[in-house]
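Let's take a walk through this one together, helix by helix and then on to the ligand. Have the model open and follow along.

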Amino acid sequence: MLLNKKILVCVTGGIAVYKAVALVSKLTQAGAEVKVIMTDSAMEFVTPLSFQVMSRNDVYYDTFDEKDSSVVAHIDLADWADLVIVAPATANVIGKLAIGIADNMVTTTLLATTAEVWIAPAMNVHMYENKAVIRNIQQLHEDGYRFIEPAEGFLACGYVGKGRLEEPEKIVQLIMEKFSQVTDLPLAGKKVVVTAGPTRERIDPVRYISNFSSGKMGYSLAEAAVALGAETVLISGPVELPIPNGVQLINVESAAEMLEAVLSEFNNADVVIKSAAVADYRPKEQHSQKMKKQDGDSSIELERTTDILKTLGERKKEQILVGFAAETNDAIEYGMKKLSDKNLDYIIVNDVTDPDGGFGNDTNVVTLLSRKGKTYPFEAMHKKQLAKVLVKTILDLERDVPNDS
Ligand code: PMT
């Protein structure tokens with residue numbers, strides 16, 4: 001299934017290097033041509049010979065050991081690859097890449113490649129939760145790198161937690177899905193932008209106005225778009241959820257930041273799904289110092305935020321625009337009004353007072369409304385399942401537009 005695909009595996013130093021040997025073996029068995037670069041630390045765990053045997057290619061580890069005088073090895077490898085995988089990726093290589101350091105064969109090649117780079121971290125759970133590592137991963141997400149989240153379980157250091165290199169079988173499956181997207185999947189070649197989670201509107205350095213959105217609905221929609229082959233950008237307010245594999249994540253805090261991020265992705269998007277619960281108001285003034293309490297009552301003056309979805313509706317060309325409506329009464333009526341006022345193609349209406357749906361729950365109960373005034377109600381289901389059904393329904397309706405009247 002990976003016939004003729006050129007995959008460059010960059011191996012950095014951690015105990016999970018032994019799993020990278022299995023990864024290279026499985027990729028070769030699947031028909032890929034695999035080349036391997038190792039760091040010095042990786043070679044402390046496994047010798048290059050193991051990778052040479054599994055890949056049936058020379059292994060690279062010394063930037064200055066030019067095996068072929070007609071090319072510069074790290075540039076040649078960087079240009080050769082269809083896909084680059086860093087597995088296992090240590091906190092060290094993640095940090096170097098985040099600030100553009102090129103000091104060995106792996107990092108020089110990573111900076112030189114224009115191929116897609118996937119990073120599969122493996123490290124101690126506390127290292128993975130370290131603020132600097134989180135910051136560096138965030139930076140790499142914003143720079144367009146894709147992450148294969150580490151799994152949870154027993155770690156070689158004796159801890160139990162998140163930090164195990166994802167299993168080679170799973171990584172190979174993700175690679176196969178990536179390459180099959182090129183031809184087979186319905187959203188292959190399309191760009192889907194999903195917004196998720198709440199926004200936070202700061203009052204002062206320690207207080208903000210927000211809402212109860214957990215991001216579960218939006219993250220599930222982004223996962224569904226990736227599974228159908230879309231290049232998926234997930235623009236997220238502050239949430240506590242793992243980053244779905246294969247998405248490009250852009251973290252934002254306020255409605256103003258979300259507006260800016262959405263507009264920067266809008267022109268070349270094919271579909272935009274706005275499931276974020278964006279604040280309609282923000283404090284007119286943001287205090288730079290903590291507001292002191294005083295005797296008696298106090299009030300905060302609020303001003304309107306920009307309606308992002310309405311702005312998109314005004315600028316829309318070929319994009320399919322999908323909004324959400326969080327309602328507590330007369331949901332369909334209000335949903336229809338939002339669909340028309342914001343010039344949307346579809347709106348997904350949820351009655352957020354329903355015990356099986358709305359903010360924070362794992363399940364949701366929604367009705368999809370189309371621009372032609374049709375309603376498609378769905379029973380309560382898990383948000384992950386619902387997301388797949390919603391994306392598929394919209395795709396089916398789009399293919400069949402003349403009948404949707
Ligand atoms: O995150 P979960 O816990 O899983 O919960 C999911 C959800 C309930 C948040 C989700 O299903 C949902 O309903 N999201 C939309 C919430 C919302 O803000 O609805 P609204 O009716 O206030 O806004 C209508 C639409 O306009 C939404 O698509 C919203 O993203 C958009 N909007 C709103 C205000 C604003 N300033 N800009 C916007 O783009």
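Start where Val-93, Lys-96 and Leu-97 of α5 touch α6, whose side of the contact is Val-106, Thr-107, Leu-110 and Leu-111. Sort those residues by class and you get five nonpolar, one polar and one charged. Keep in mind that you're looking at a predicted model. Helix α5 covers residues 91–98, and its axis sits 11 Å from that of α6, at an angle of about 40 degrees. Angles under 35 degrees would count as roughly parallel, so α5 ends up oblique to α6. As for handedness, α5 and α6 cross in a right-handed way.

Now stay on α5 and look for its contact with α8, the helix at residues 131–142; here the axes are 9 Å apart and the angle is about 50 degrees. That makes this pair oblique, too. The crossing of α5 with α8 is left-handed, whereas the one with α6 is right-handed. On the α5 side, the residues involved are Ala-91, Ile-94, Gly-95, Leu-97 and Ala-98, and they meet Val-133, Asn-136, Ile-137, Gln-139 and Leu-140 of α8. Seven of these residues are nonpolar and three are polar, with no charged ones. Leu-97 is worth a second look: it shows up in the contact with α6 and again in the contact with α8.

Back to α6, residues 105–112, because there's another partner to see: α4, at residues 73–80, packs against α6 at about 50 degrees with the axes 8 Å apart. The two helices are therefore oblique to each other, and their crossing is right-handed. Which residues in α4 and α6 meet? From α4 come Ala-73, His-74, Ile-75, Leu-77 and Ala-78, and from α6 come Met-105, Thr-108, Thr-109 and Ala-112. That contact has six nonpolar and three polar residues, and no charged ones.

Between α4 and α5 in the sequence there's a backbone detail to check. Pro-88 belongs to strand β4, residues 83–89, and the peptide bond leading into Pro-88 from Ala-87 is cis, with omega near -10 degrees. Further along, Asp-330 has a positive phi, near 45 degrees, even though this residue isn't a glycine. You'll find Asp-330 in the loop that links β17 (320–327) to α13 (331–341). Why flag these two spots? Because most peptide bonds are trans, and most residues other than glycine have a negative phi.

Last stop, the ligand. It is surrounded by 29 residues, and the closest are Ser-213, Ser-214, Lys-338, Asn-350 and Gly-360. What does the side chain of Ser-213 do here? One of its N or O atoms comes 2.6 Å from an oxygen atom of the ligand. The backbone plays a part as well: Ser-275 has a backbone N or O atom 2.9 Å from a ligand nitrogen, and a polar backbone atom of Ala-276 is 2.7 Å from a ligand oxygen.

Note on methods:
Residues are numbered from 1 along each chain as its sequence is written. This is a predicted model: local features need pLDDT of at least 70, side-chain atom pairs count only at pLDDT 80 or more; totals for chains, interfaces and linings use all residues. Side-chain values use heavy atoms; hydrogens and water are left out. Axes are lines fitted to C-alpha atoms, for helices over the stretch in contact, and angles run from 0 to 180 degrees between N-to-C directions. Helices (H or I, at least four residues) and strands (E, at least two) are DSSP runs, numbered from the N terminus. Angles under 35 degrees count as roughly parallel, over 145 as roughly antiparallel, 65 to 115 as roughly perpendicular and the rest as oblique. A crossing is left-handed if the near helix is turned anticlockwise from the far one by less than a right angle, and right-handed if clockwise. Contact means heavy atoms within 4.5 Å. Ala, Val, Leu, Ile, Met, Phe, Trp, Tyr, Cys and Pro count as nonpolar, Asp, Glu, Lys and Arg as charged, and the others, Gly among them, as polar. A residue is near a molecule or strand if one of its heavy atoms lies within 4 Å of it. A polar contact is a pair of N or O atoms within 3.5 Å; within protein, one must be able to donate a hydrogen and the other to accept it, and residues adjacent in sequence count only if both atoms are side-chain atoms.
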